[in-house]
Amino acid sequence: MTKLILVAGARPNFMKIAPLMHALKDHPNIRPVLVHTGQHYDVKMSGQFFDELNIPAPDINLEVGSASHAVQTARIMEGFEKVCLDEKPDAVLVVGDVNSTAACTLVASKMGIKTIHYEAGLRSHDRNMPEEINRLVTDAISDVFITTSADADENLLKENIPAEKIHMLGNLMIDSLVEQLPKAGNTDLKFDLLNRQAGIEIGNDFREKEYGVMTFHRPGNVDDRENLAGLVKIWGKISERVPLVFPVHPRTYKNIQRFDLQKAIDAFPHLYFIEPLGYLQFIHLVSRSLFTLTDSGGIQEETTYLGIPCLTVRPTTERPVTIWEGSNSLINVQEIEPEVNRILSGKGKKGNVPKYWDGKTAERIVQMLMKEI
Ligand code: UD1
């Protein structure tokens, strides 16, 4: 029996880990051990995703919590080294690009344990993003590389990774989406509003395809007062034409309070700020929206699968396939209004679904793992 540690740390990891855990359940040859680093810890950022995605409770939780990058990474490394010493795994599989991804790869690699990176090779070429540093570090020392698109293979080849170590097997996030969409369709779309007495209900207060969904949490957009205040003005202006629903990430919420922007937001009655949502309600909300306005990574992929126009407010993306093939567009802050107007006039981008984004990636990965570990 091969022992495989799977690492999950932050919200975007959970929908990638879920299909793998399902595919490895009762597997005759591979025994999975799930380690949660505790990088995200709130019920709304973590526990709810385990419940809804049917992920078994982690075998080990390092409970590192929030801290500066250095402190958080160090805490994960310290805890994970102990786990590897106790568990003596044959291999460690990490996903995505968060601090937990890089920290656990560093530990396992130095202990001579085979490391496998799912979502390898994505590059924004923007080292101001902490995730780009995590991607570069992880891919520099991993042993097996699982990619979601052909551009990622090309990036790895350019970095002198041998072709036989690279496996383009598709997108685990789409596995979760395909599996959960029917269940998501049964969730209500009724939400309490943050800082307001009222609530909203999609289908009642406004109809399907007559609202946009926003998510913003990148430090580049929300950690600077001027940038965030500028965004609030634009969101407000857009909300006068089309209602905007925003499940607010804790980083963004804290900054809104710190920069005293709540009043500016409350001036716009159709700018609806709500608590972070669980997976099912979130994909239900997105699947019925007219468009999304975001700085997230994963949402670029989910909207590509759903064929919903996605406006990504970032200078770069590590997921260019969502632009070449999918419904995503990369825009700057000045372009938000004209691009939303284009969508409102019926000219939103639709696109196609990239190769292997078909709901069967976990199966392909398990087949590959049987040969590689
Ligand atoms: C992290 C990831 C980012 C990912 C994002 C998704 C890194 C470097 N960043 O950024 O790639 O897109 O998660 O959410 O790994 N907080 C809570 N509850 C929680 C977790 C965090 O309130 O469960 C608060 C923290 O106290 C902090 C803020 O949210 O003030 C930001 O959290 P942090 O983990 O530092 O980074 P994220 O922005 O979430």
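Let me start with the lining of the second largest pocket, which in this predicted model draws at least three residues from each of domain 1, residues 2-171 together with 357-372, and domain 2, residues 181-344. The volume of this second largest pocket is about 320 Å³, and of the 19 residues that line it, Arg218, Gly220, Asn221, Arg314 and Pro315 are the closest to its centre. Helix H5, helix H8 (219-222) and helix H9 (225-239) are the elements that give two or more residues to this lining, and H9 gives the most, with four residues. In terms of character, the lining of the second largest pocket divides into eight nonpolar, six polar and five charged residues.

Now to the largest pocket, whose volume is about 1200 Å³. Its lining also draws at least three residues from each of domain 1 and domain 2. There are 50 lining residues here, and those that lie nearest the centre of the largest pocket are Pro12, His40, Met45, His217 and His249. Several helices each supply at least two residues of this lining, among them H2 (43-52), H3 (69-87), H5 (130-141) and H10 (250-258), while H1 gives the most, with five residues. The lining of the largest pocket is made up of 19 nonpolar, 18 polar and 13 charged residues.

Let me turn to the sheet. Six strands form an open sheet with parallel pairing, and if you follow them across, the order is E12-E11-E10-E13-E14-E15. Which strands stand at the edges of this sheet? They are E12 (271-274) and E15 (328-331), and because each has a single partner strand, one side of each is left without a neighbour in the sheet. From one strand to the next, the twist averages 20 degrees.

At the E15 edge, we can look at the pairing in detail: strand E14, residues 310-313, is joined to E15 by four bridges, and the two run parallel. One residue pair to find in the structure is cysteine 310, whose bridge partner in E15 is asparagine 328.

Finally, two helices lie across strands of this sheet. Helix H12, residues 279-287, lies across E10 (212-215), E11 (244-247) and E13 (291-294), and runs at about 135 degrees to E10; H12 is also one of the helices that each supply at least two residues to the lining of the largest pocket. Helix H15, residues 336-344, lies across E13, E14 and E15, and runs at about 175 degrees to E14.

Conventions. Residues are numbered from 1 along each chain as its sequence is written. This is a predicted model: local features need pLDDT of at least 70, side-chain atom pairs count only at pLDDT 80 or more; totals for chains, interfaces and linings use all residues. Side-chain values use heavy atoms; hydrogens and water are left out. Two strands pair if DSSP finds at least two bridges between them. Axes are lines fitted to C-alpha atoms, for helices over the stretch in contact, and angles run from 0 to 180 degrees between N-to-C directions. Contact means heavy atoms within 4.5 Å. On a 1 Å grid over the protein atoms alone, a cavity is a set of points where a 1.4 Å probe fits but cannot get out, and a pocket is an open set with protein on both sides within 12 Å along at least five of seven lines; lining residues have an atom within 4 Å of a point. Grid points are joined across faces, edges and corners, and a volume is the space filled by probe spheres set on the points. Ala, Val, Leu, Ile, Met, Phe, Trp, Tyr, Cys and Pro count as nonpolar, Asp, Glu, Lys and Arg as charged, and the others, Gly among them, as polar. Domain bounds come from an automatic or database domain assignment.
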